[in-house]
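Visitor: I am new to reading protein structures. Could you walk me through this one and tell me how each label is earned?

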Amino acid sequence: MVLVALFALFSYNGFGAENVAQGVKVVVIDAGHGGSRFPGAGYNGFAEKNINLQVALKLGALIEKNLPDVKVVYTRTTDKMFSSVLSEDLQARADIAHRNSGDLFISIHANAHRNSEVRGVETLIMGETSMEQRVNQNALYINNKEELLDMSDQKTATIVRAYIQNLQFTYGEYSEMMARLVQEEYVKLGYNNRGVRRQPLKVLYATDMPSILTEIGFMSNPADLKHITSEKGQKEIAGAIFRAVKRYVENVNRALLIDGGAAPAPAVKPQQPKVQEKEQAQPKQKPQTTVKRYAIQLMASVKKIPTDHPELKSYRGKVWVLESGSTLKYKYCYGDFADKAVAQTQIEAVRKEFPQAFIITYDK
Ligand SMILES: [Zn+2]
């Protein structure tokens, strides 16, 4: 019974890869915070909720104008909250994304830090930071502690970790690609790059599609604040995120060409269970006799293609195929490394041709 419940959750997330296999038709833009209860950070009379909304609307307008095949859905276009309870407010945003069959979820936020000299941009994806980082962040960050899943709670942590592990085999790679593209576009503008970070964020956990949360600058830093509250700065930021969306859409569509069509739709699409409902679930134990190895996954497809397919570019004939249970069943992998650090030395070269490439682990 317990395992069945967990399997149902995993199957659903597997079907979530449908969001990728059907291309990018709907982009959901979420302006973080809102309403009287959730203004977000506040500095010099500026409220984060308003900055987020202004950038969200500018981003949406750019997509509507330049990517006519992509529909834009906003979680909010006005200063509003969805519930006076934070977890319900965040869930409502995810529900909007699901109701509208979102293919990509972009949440826009501004950062705050106790040290006013800290500045720059970072993009968050669902995942777990190390205990050390968590303790650090809790001490330093002011505004987003409540938006994180409570990983100090053993039951929650077990379920969330199993979920994160599963993400790696569904569309987690797509969230990571999108996050990296956003950061790359920021870097081109000369912004201080704080990188792609993994955090167990409630709003990303609730969203069953590739999803990112981008922090467009620090309100606690005077220069950043000036930039993110100015018309010019907001246009620039929205432009950067837009160019990342465009590149993301192109990358996903290119993978689709290989897949030769959409994935079969699941017969039943159960609700994404909330953490409390998953409490009885136990993670599957990994067999202890296997050896963990590392490889670089270039891409994935619904239908199997030969390993010398032209889409594999200069990696033709150099990849091997890993079969998985997700919709994008066939993973095209390069290398076989005993050490993650060694795989890390190769990934930048691979990403020149395959921006979505990432390191996977598998048992041998
Ligand atoms: Zn925020």
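Guide: Let us begin at the metal: the donors of the zinc ion follow the spacing H-x14-E-x60-H along the chain. This is a predicted model, in which local features need pLDDT of at least 70 and side-chain atom pairs count only at pLDDT 80 or more, while totals for chains, interfaces and linings use all residues. Residues are numbered from 1 along each chain as its sequence is written, and side-chain values use heavy atoms, with hydrogens and water left out.

Visitor: What makes His33, Glu48 and His109 donors of the zinc ion?

Guide: Donors are N, O and S atoms within 2.8 Å of the metal (3.2 Å for Na, K and Ca); water is not among the atoms, so sites may look incomplete. The zinc ion is coordinated by His33 through NE2, Glu48 through OE and His109 through ND1, at 2.1 to 2.2 Å, so these atoms meet the cut-off for donors.

Visitor: Where along the chain do His33 and Glu48 lie?

Guide: His33 is in the loop between β1 and β2 (42–43), and Glu48 is in helix α3 (residues 48–66), 15 residues away. Helices (H or I, at least four residues) and strands (E, at least two) are DSSP runs, numbered from the N terminus. The chain has 11 helices and 12 strands.

Visitor: Why is His33 called buried?

Guide: Buried means under 20% relative accessible area, exposed means over 50%, and partly exposed is in between (1.4 Å probe, protein chains only). His33 has a relative accessible area of 8%, so the residue counts as buried. Glu48 has 0%, so Glu48 is buried too. Of the 364 residues of the chain, 55% count as buried.

Visitor: How do you know that Glu231 and Lys58 form a salt bridge?

Guide: A salt bridge is a side-chain nitrogen of Lys or Arg within 4 Å of a carboxyl oxygen of Asp or Glu. For Glu231 and Lys58 the N to O distance is 3.4 Å, so the pair meets the definition. Glu231 lies in helix α10 (residues 231–259) and Lys58 in helix α3, so the pair ties together parts that are 173 residues apart in sequence. The structure holds 17 salt bridges.

Visitor: Which label does Glu231 get, buried or exposed or partly exposed?

Guide: Glu231 has a relative accessible area of 47%, so the label is partly exposed. Its partner Lys58, at 19%, is buried.

Visitor: What makes Glu185 and Arg243 a salt bridge?

Guide: Their closest N and O atoms are 3.2 Å apart, so they satisfy the 4 Å limit. Glu185 lies in helix α7 and Arg243 in helix α10, so the pair ties together parts that are 58 residues apart in sequence. Glu185 is buried at 2%, whereas Arg243, at 36%, counts as partly exposed.

Visitor: Which residues do salt bridges that share partners join into one network?

Guide: They are Glu176, Arg180, Arg198, Glu348 and Arg351. Within this group, Arg180 and Glu176 meet at 3.6 Å, N to O, and both lie in helix α7 (residues 172–188), four residues apart, about one turn of the helix.

Visitor: How do you know that the length of helix α4 agrees with what is expected?

Guide: The expected span of a helix is 1.5 Å times one less than its number of residues. Helix α4 (residues 86–99) has 14 residues and should span 20 Å; its end C-alpha atoms are 20 Å apart, so the two agree. Just after α4, Ser101 takes a positive phi of about 50 degrees.
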